[in-house]
Amino acid sequence: MISVNEALSKIEIHKQTAVPVKRHITQCLGYVIAEDIFSLIDMPPFRQSAMDGYAVNHDQSNTYKLIGEIKAGDPADIILKKNEAVRIFTGASVPNTANAVIMQEKIDVTNTLISSQEIPKNEQNIRPKGEQIKKNTLALTKNTTLTPTNLSFLASLGFDELLVYPKPKVGIVITGSELITPGTPLAPGKIYESNSILLSTTLQNEQINDFTVYKVKDDYQSTEDLLKKVINENDFVLVSGGISVGDYDFVGKALEKIGVTEIFYKIKQKPGKPLFFGKKDTTYVFALPGNPASALTCFYIYALPLLRNFSHCEKIHLTKKVKKISHNYEVKGIRAQFLKAKITNEFVEVLDLQSSAMIHGFNEANALVFITENTNFIKKLQEVEVILLPKK
Ligand code: AMP
Ligand code: MG
């Protein structure tokens with residue numbers, strides 16, 4: 001058995017970032033861009049009307065002859081002489097010979113003559129070419145996580161494919177003969193299977209959508225056969241259950257038989273003592289304890305950093321802070337602990353429902369309090385390390 005810190009340093013050693021790939025821009029939300037992007041165009045690409053109104057070639061006059069119309073999307077090939085105007089609309093290209101756009105609310109029209117209530121200022125209501133960004137200048141810096149606004153900015157510059165770090169392909173293997181799929185009637189001795197929802201939706205919160213869920217009963221051969229296939233097909237495998245020491249826990253034996261190299265097995269921690277971490281070829285395997293709260297805690301502390309690192313996320317660990325505990329707390333046992341807790345301002349409260357079988361405790365929690373090995377008592381207002389849970 002190793003300590004939490006030893007386990008974390010082994011995780012650190014195994015950080016691996018995937019090779020960047022091209023993806024269509026519509027499929028890039030939440031991905032990290034792998035190159036600096038320089039604009040290939042001026043944006044806007046031409047002098048653009050910012051108003052519905054009239055483009056004029058003014059010369060200290062406020063009466064103009066109307067000679068045509070330019071809609072959004074039209075070329076601006078009309079030539080305006082002094083004191084001539086064209087009807088123009090927002091987004092339309094302004095002719096080179098126009099030096100202002102007057103909004104339509106300020107114009108009176110009589111047949112082909114228009115008059116303005118005021119003499120326009122030069123270049124008013126015209127968005128200059130390249131106002132937003134100039135050709136060949138930096139549009140987006142390498143390693144930025146793509147958001148709706150920076151994706152739409154790149155789309156506005158004409159980019160349809162981006163070089164990004166891929167997200168991992170994840171296989172989720174659920175073990176347990178007692179498990180029944182929600183929506184079907186419970187039978188004696190059975191419980192509803194919930195870890196597949198827990199793990200797959202937690203992955204989706206991380207914008208990891210390329211996952212497949214597999215289920216297997218507590219049977220050695222089926223477990224080995226399934227694990228072999230899933231390890232072959234994925235970058236990461238998250239196994240739920242069957243990794244402890246019971247007679248029907250077959251995951252450890254199957255992983256060994258398949259040739260998965262153990263990096264660690266068992267950590268001096270609560271919850272999640274039987275966590276296994278190993279590697280076969282380029283695939284990492286986390287065998288998480290079946291108890292839901294243990295599975296999630298182990299996922300957040302050990303699996304998430306490697307999953308995030310694969311996609312070159314800047315921040316791979318959950319944020320740590322120091323807070324004052326709002327009550328005395330008597331620690332049971334000598335293992336390090338991750339306790340479900342709630343932070344309010346500068347205080348943190350350890351919640352009830354700490355059992356590793358109870359996912360319910362996570363519903364109220366926004367953090368985990370980390371308690372080091374061999375701590376037996378924490379005094380009210382003592383400072384403790386807290387790990388912020390991701391937003392729900
Ligand atoms: P195990 O790690 O397989 O010994 O399972 C530990 C506990 O977690 C048992 O009470 C299981 O019934 C429960 N458990 C295991 N897998 C799941 C699952 N996918 N959904 C809900 N509970 C589970
Ligand atoms: Mg089991």
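## The ligand shell

Let's start with the company that ligand 1 keeps: its shell is made up of five nonpolar, seven polar and two charged residues. Please keep in mind as you read that this is a predicted model. There are 14 residues around ligand 1, and those that come nearest are E178, E193, S194, G242 and G290. As for where the ligand sits, the space taken by ligand 1 is the largest pocket.

## Polar contacts and cover

Which backbone atoms lie close enough to ligand 1 to make polar contacts, taking 3.5 Å between N or O atoms as the cut-off? S194 offers a polar backbone atom 3.0 Å from a nitrogen atom of ligand 1. N195 has a polar backbone atom too, at 3.3 Å from a nitrogen atom of the ligand. On the oxygen side, an oxygen atom of ligand 1 is 2.8 Å from a backbone N or O atom of G290. Taken on its own, ligand 1 has 480 Å² of accessible area, and the protein covers 77% of that.

S194 and G290 thus turn up twice in this account: both are listed among the residues that come nearest to ligand 1, and each has a backbone atom at a short listed distance, 3.0 Å for S194 and 2.8 Å for G290.

## Cis peptide bonds

If you plan to check backbone torsions, here are two places to look. M43 and P44 are linked by a cis peptide bond, with omega near 0 degrees. P44 belongs to the loop that runs between β2 (37-38) and β3 (48-49).

Further along the chain, the peptide bond between K270 and P271 is cis as well, with omega at about -5 degrees. P271 lies in the loop between β19 (269-270) and β20 (276-280).

## Positive phi values

Where do we find N83, a residue other than glycine with a positive phi? N83 is in the loop between β5 (63-70) and β6 (84-88), and its phi is near 65 degrees. N83 counts as partly exposed because its relative accessibility is 25%, between the 20% and 50% limits.

L353 is another non-glycine residue with a positive phi, near 60 degrees. Its place is the loop between β25 (347-350) and α7 (360-364). With a relative accessibility of 35%, L353 is therefore partly exposed.

## Distances along the chain and in space

Three residue pairs show how separation in sequence and separation in space can be set side by side. E6, in helix α1 (residues 4-13), is 79 residues from A85 along the chain, and their C-alpha atoms are 76 Å apart. E6 has a relative accessibility of 40%, so E6 counts as partly exposed.

N136 and I41 are 95 residues apart along the chain, yet 7.2 Å separates their C-alpha atoms. N136 sits in the loop between β10 (126-127) and β11 (138-140). Is N136 buried or exposed? N136 is exposed, because its relative accessible area of 54% is over the 50% limit.

The third pair is E123 and R47, with their positions 76 residues apart in sequence and 9.6 Å from C-alpha to C-alpha. E123 is in the loop between β9 (113-116) and β10, and its relative accessible area is 38%, so E123 is partly exposed.

Key:
Residues numbered from 1 in each chain as written. Chains lettered and ligands numbered in written order. Predicted model: local features only at pLDDT ≥ 70, side-chain atom pairs only at ≥ 80, totals over all residues. Heavy atoms only, no water. Near = heavy atom within 4 Å. Polar contact = N/O pair within 3.5 Å; in protein donor to acceptor, adjacent residues only side chain to side chain. Areas by Shrake-Rupley, 256 points an atom, 1.4 Å probe, with all protein chains shown as cover. 1 Å grid on protein atoms, 1.4 Å probe; cavity = no way out; pocket = protein on both sides within 12 Å on 5 of 7 lines; lining within 4 Å. Sits in = over half its atoms within 2 Å of the grid points. Nonpolar A, V, L, I, M, F, W, Y, C, P; charged D, E, K, R; others polar. Helix = DSSP H or I, 4+ residues; strand = E, 2+ residues; numbered from the N terminus. Buried < 20%, exposed > 50% of the residue type's maximum accessible area, 1.4 Å probe, protein only.
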